[in-house]
Amino acid sequence: AADKIERSLEILGITGIEDKLQVGVEDAIVKIRQAGIKLWVLTGDKLETAKNIGFSTRVLSSSMEILTLDVADRKAFKDDIETLRMNALQAT
């Protein structure tokens, strides 16, 4: 519906909100990585938003293996989480 309505519009203003990490969080994440501890990020954000925030705050880097769990039902969730768990165990 939006593609039919949102035509020939003139943008009058744009706003954005960026959640900042609390002071010291980024340093703590660096120390966690240096200690060899695996870091998991759980968020309710949309996948693209979560990744953008992760990269912009350097919580994520392109050299990391980033696993994504995005499922719609309980059965698929259980299957996917088990697959991720088994892959993580094999990687260690």
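Me: What makes up the secondary structure of this protein, and how many helices and strands are there?
Reply: The protein has 4 helices and 0 strands, in a model that is predicted. Followed along the sequence, the elements give the pattern α-α-α-α.

Me: What share of the residues of the protein counts as buried, and what does the word require?
Reply: Of its 92 residues, 8% count as buried, a label that requires a relative accessible area under 20%. The accessible surface of the protein comes to about 8600 Å², and carbon and sulfur atoms account for 54% of that surface.

Me: Why are the side chains of D79 and K75 said to meet in a salt bridge?
Reply: The N to O distance between the side chains of D79 and K75 is 2.9 Å, and because the cut-off for a salt bridge is 4 Å between a side-chain nitrogen of Lys or Arg and a carboxyl oxygen of Asp or Glu, the pair qualifies. Both residues belong to helix α4, which covers residues 74-91, and they lie 4 residues apart, about one turn of the helix.

Me: Is K75 buried or exposed, and how do you know?
Reply: K75 has a relative accessible area of 57%, and because exposed means over 50%, K75 is exposed. Its partner D79 stands at 36%, between the limits of 20% and 50%, and therefore counts as partly exposed.

Me: What makes the pairing of R85 and E82 a salt bridge?
Reply: The side chains of R85 and E82 meet at 2.8 Å, N to O, and this value is within 4 Å, so the definition is satisfied. R85 and E82 also lie in helix α4, 3 residues apart, which is about one turn of the helix. The structure holds 2 salt bridges. Side chains of opposite charge can pair when their charged atoms come close.

Me: Why are R85 and E82 called partly exposed?
Reply: R85 has a relative accessible area of 42% and E82 one of 34%; because partly exposed covers the range between 20% and 50%, the term applies to R85 and to E82.

Me: How do you know that E26 is in contact with T57 and R58, and where does E26 lie?
Reply: E26 lies in helix α2, residues 25-34. Leaving aside neighbours within four places in sequence, E26 is in contact with T57 and R58, and because contact means heavy atoms within 4.5 Å, the statement concerns heavy atoms of these residues at that range. The C-alpha atoms of E26 and V59, 33 residues apart along the chain, are separated by 7.0 Å. With a relative accessible area of 28%, E26 is partly exposed, because the value falls between 20% and 50%.

Me: Why does L47 count as partly exposed?
Reply: The relative accessibility of L47 is 39%, which is between 20% and 50%, and therefore L47 counts as partly exposed. L47 is found in helix α3, residues 47-56, and its C-alpha atom is separated by 9.5 Å from that of L69, 22 residues apart along the chain.

How values were computed
Residues numbered from 1 in each chain as written. Predicted model: local features only at pLDDT ≥ 70, side-chain atom pairs only at ≥ 80, totals over all residues. Heavy atoms only, no water. Helix = DSSP H or I, 4+ residues; strand = E, 2+ residues; numbered from the N terminus. Buried < 20%, exposed > 50% of the residue type's maximum accessible area, 1.4 Å probe, protein only. Areas by Shrake-Rupley, 256 points an atom, 1.4 Å probe, with all protein chains shown as cover.
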